[in-house]
Amino acid sequence: MAGPVDKPDGNDESTMIADVGVKALVRANRSRSVLEQVGGPGAPRSFPLELAELVIGRALEVHVSIESRLLSRRHAAITRAGAEYRVTDLDSANGIYLNGVKVHSAILHGGDTLQIGDVVMVFREGS
């Protein structure tokens, strides 16, 4: 941030010039995408998608740990590339279902339902 600016008329009022990037303002005003867990152990709860990769499973070491015998230790990953999010099965035992269809990897869209074992999540796209 820059300091006060002298006014040419000699007025003792000061104006501060702020050096704020447009990208920073856009990020600050943008809501984040989230996964809302709507079914299964621990529901309801919400997981903001703030990381470039979010791993879901039953292991304690993953980003989203859910106690369910139907989940693999490292079951699925949500990855972000720009404004796009992708879900990928991490070679789990029970697979992943996107809107009722078994997939290995797919792009997520707002309102998509993701089922991982007995856990049901809804992808909410940020603005």
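User: Where is the bridge partner of V55 in strand 7?

Analyst: Start with the source of the coordinates: this is a predicted model. Two strands count as paired if DSSP finds at least two bridges between them. Here V55 is bridged to A77 of strand 7. Strand 5 and strand 7 run antiparallel and are joined by 4 bridges.

User: How many bridges does strand 7 form with strand 8?

Analyst: 6 bridges, in the antiparallel sense. Within this pair, R86 in strand 8 sits opposite T79. The two strands make a hairpin with 2 residues between them. Look at the turn: G82 there has a positive phi of about 70°.

User: Which order do the strands take in the open sheet?

Analyst: Do not expect sequence order. The open sheet has 6 strands, arranged 4-3-13-12-9-10, with antiparallel pairing. Strand 4 (45-48) and strand 10 (101-103) are at the edges with a single partner strand each, so one side of each has no neighbour in the sheet. On average, neighbouring strands here are turned by 30° against each other, direction ignored.

User: Which residue of strand 4 stands opposite L35?

Analyst: F47. Strand 3 (residues 34-39) pairs with strand 4 over 4 bridges, again antiparallel.

User: Which residues have the most contacts inside the largest nonpolar core?

Analyst: The general idea comes first. In soluble globular proteins, nonpolar side chains tend to be buried together. In this model the largest nonpolar core holds 22 residues, and L35, I56, I78, V87 and M121 have the most contacts inside it. Several strands each supply at least two core residues, among them strand 5 (53-57), strand 7 (76-81), strand 8 (84-89) and strand 12 (113-116). Strand 13 gives the largest share, 3 residues.

User: What is V87 in contact with, leaving aside its neighbours within four places in sequence?

Analyst: Contact here means heavy atoms within 4.5 Å. On that basis V87 touches A76, A77 and I78. Its other contacts are I96, H104, S105, A106, L108 and L114.

User: How many helices and strands does the chain have?

Analyst: There is 1 helix, and there are 13 strands. Along the sequence, the pattern opens β-β-α and continues with β elements.

User: What share of the residues count as buried?

Analyst: The cut-off is under 20% relative accessible area. Of the 127 residues in the chain, 33% are buried. The chain exposes about 8100 Å², and carbon and sulfur atoms supply 50% of that area.

User: What part of the contacts comes from residues 24 or more positions apart?

Analyst: Count the contacts in the chain with a separation of 6 or more. Residues 24 or more positions apart account for 32% of them.

Methods. Residues are numbered from 1 along each chain as its sequence is written. This is a predicted model: local features need pLDDT of at least 70, side-chain atom pairs count only at pLDDT 80 or more; totals for chains, interfaces and linings use all residues. Side-chain values use heavy atoms; hydrogens and water are left out. Axes are lines fitted to C-alpha atoms, for helices over the stretch in contact, and angles run from 0 to 180 degrees between N-to-C directions. A nonpolar core is a set of buried Ala, Val, Leu, Ile, Met, Phe, Trp, Tyr and Cys residues joined through side-chain atoms within 4.5 Å. Buried means under 20% relative accessible area, exposed over 50%, partly exposed in between (1.4 Å probe, protein chains only). Accessible areas come from the Shrake-Rupley method with a 1.4 Å probe; for residues, only the protein chains shown count as cover.
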